[in-house]
Structures are given as C-alpha cells and as structure tokens.
Amino acid sequence: ASIENGARGLAFASGLAATDCLLRMFKAGDEIIAMDDLYGGTYRLFTRLYKDSGIKFHFVDMTDLEKLQSLINENTKLVWVETPTNPLMKLADIQEIAKITKAKNILFAVDNTFATPYLQQPLELGADIVMHSATKYLGGHSDVIMGALVVKNKELADRLYFIQNSSGAVCGPQDSFLLLRGIKTLH
C-alpha cells in the first residue's frame, strides 16, 4: 500500500488471483468496460472464465474517451485500464478516465504492472484500485509469482479482503519475503 500511496494493500498468489478477487465483487447483469489491449491472462479471465457469469464485458480503445463514454450505462460497474498495455504498450489518460468514472460513480481499476509505482501512481491520478502482477517488476528477480490490489477506500478494502480470505487466494511467507526484497530495489 505504501508504494502506491494507498490505505490498504492485499497480496495474492498471482496477478490473476488479484484480478479474480476484484471480479468476484460483480454479479450477473453488471457490465465492465476494459481496455482493448490487455495481458492475455486478463483477457482470458474476462472472456472465458467469466463468460457464463452474466457479467458483460466491453473492450474499447481507451484513447478514445468519447467511445468509452458511449459504452457507459446504468449497469456499468467497473472500468478496467491497463496502461501501458501488454503487449502493445498503449497508453491511457488515467486522470481523464477518472473524471468520467467519478462523475458516473463507477469503480476505476488500473493495472499498473508495467509502469510500477516508481513511474506512475494511479491512486494519485484518481483511480480507485491498482492491480499489480508483482511477478514482473515489483519482484524484479524472476523468482516469485505474486499479485497485489491497492486501494484508498477502507470499505472497498474490507470487501476485497473478505473475498480474498474466503477464496484463499493468498501468497506464502517465502514469496512475501522475495517480493519485499524486490521492492527494495525497484528504483
């Protein structure tokens, strides 16, 4: 939490476990708008694992804010942005998207894996949730698989923690040690 200036951080067995925890907050009929270029595992989770859950996913180029706004409706519960994206390194304007989501009372999550909090802090730019595949740059030594969610809102943190605790998507103590070692050399 401290490296993203969040109130609470949750560590997971992987980035996909962190993403799955967040998705478990939604129900049939809810809609999620996501970046059109995503890490393959995230795309697979959205389109294959959750395809029969009743959650509707829309994929859009987040550089086109008018297109993003055109997809928002009363069922939209989350906007998911990866910036820069994997694999095409597309960028999205976190501050501008945050203005849109705040005005509509929609949760806004940013996958900050590639930029890391050293280069970009989405919570400071208006995001509600930051996700990391800590396996990559936060770990930094290619010897750990982990993920993280960081939030500023205590109520949201409590909801996510309940889901995480209930589903067991936690990391082990050795993995935690290795990730803390990697964070020390993030700069």
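The following exercises, each with a worked solution, concern a predicted model.

**Exercise 1. The buried face of α2**

Determine which residues of helix α2 (residues 40–49) are buried, how they are arranged about the helix axis, and what they pack against.

*Solution.*
Step 1. Apply the cut-off for burial, which is a relative accessible area under 20%. In α2, the buried residues are G41, T42, L45 and F46.
Step 2. Viewed down the axis of α2, these buried residues occupy an arc of 135 degrees, so they line one face of the helix. The general geometry of an α-helix is relevant here: with 3.6 residues a turn, residues three or four places apart point the same way.
Step 3. Identify the packing partners. The buried residues of α2 pack against helix α1 (15–23) and against the strands β2 (31–35), β3 (56–60) and β4 (76–82).

**Exercise 2. The packing of α1 and α2**

Classify the mutual orientation of α1 and α2, state the handedness of their crossing, and describe the contact by residue and by class.

*Solution.*
Step 1. The two axes come within 10 Å and cross at roughly 30 degrees.
Step 2. Angles under 35 degrees count as roughly parallel, and α1 is therefore roughly parallel to α2.
Step 3. The crossing of α1 and α2 is right-handed.
Step 4. On the α1 side, the contact is made by L16, T19, D20 and L23, while α2 supplies G41, T42, R44, L45 and F46.
Step 5. Sorted by class, the contact of α1 with α2 has four nonpolar, three polar and two charged residues.

**Exercise 3. The two sides of α4**

For helix α4 (residues 94–104), list the buried residues, describe their arrangement, and name exposed residues on the face turned away from them.

*Solution.*
Step 1. The buried residues include I94, I97, A98, I100 and T101.
Step 2. Seen down the axis of α4, the buried residues fall within an arc of 160 degrees, so they line one face of this helix.
Step 3. The face turned away from the buried side carries K99 and A103, which are exposed.
Step 4. The cover over the buried residues of α4 includes α3 (65–71), β4 and β5 (107–111).

**Exercise 4. Two buried helix residues**

Decide whether P117 and Q164 are buried or exposed, and give their locations and contacts beyond four places in sequence.

*Solution.*
Step 1. P117 belongs to helix α5 (residues 116–119). Its relative accessibility is 8%, so P117 counts as buried.
Step 2. Beyond four places in sequence, P117 touches I3, E4, N112, H132, L138 and L186. L107, 10 residues from P117 in sequence, lies 20 Å away in space, C-alpha to C-alpha.
Step 3. Q164 belongs to helix α6 (residues 154–167). With a relative accessible area of 4%, Q164 is buried.
Step 4. Beyond four places in sequence, Q164 is in contact with L10, A11, F12, C21, A169 and V170.

**Exercise 5. Two loop residues**

Locate S14 and K136, and relate sequence separation to spatial separation for S14 with C171 and for K136 with E82.

*Solution.*
Step 1. S14 sits in the loop between β1 (8–12) and α1. S14 and C171 are 157 residues apart in sequence, but 7.8 Å apart in space, C-alpha to C-alpha.
Step 2. Beyond four places in sequence, S14 is in contact with I145, M146 and G147.
Step 3. K136 sits in the loop between β6 (129–132) and β7 (147–151). At 28% relative accessibility, K136 counts as partly exposed.
Step 4. K136 and E82 are 54 residues apart in sequence and 15 Å apart in space, C-alpha to C-alpha. Beyond four places in sequence, K136 touches T113 and F114.

Notes: Residues numbered from 1 in each chain as written. Predicted model: local features only at pLDDT ≥ 70, side-chain atom pairs only at ≥ 80, totals over all residues. Heavy atoms only, no water. Buried < 20%, exposed > 50% of the residue type's maximum accessible area, 1.4 Å probe, protein only. Contact = heavy atoms within 4.5 Å. Arc of directions from axis to C-beta. Axes fitted to C-alpha atoms, helices over the stretch in contact; angles between N-to-C directions. Parallel < 35°, antiparallel > 145°, perpendicular 65-115°, else oblique. Left-handed = near helix turned anticlockwise from the far one by under 90°. Nonpolar A, V, L, I, M, F, W, Y, C, P; charged D, E, K, R; others polar.
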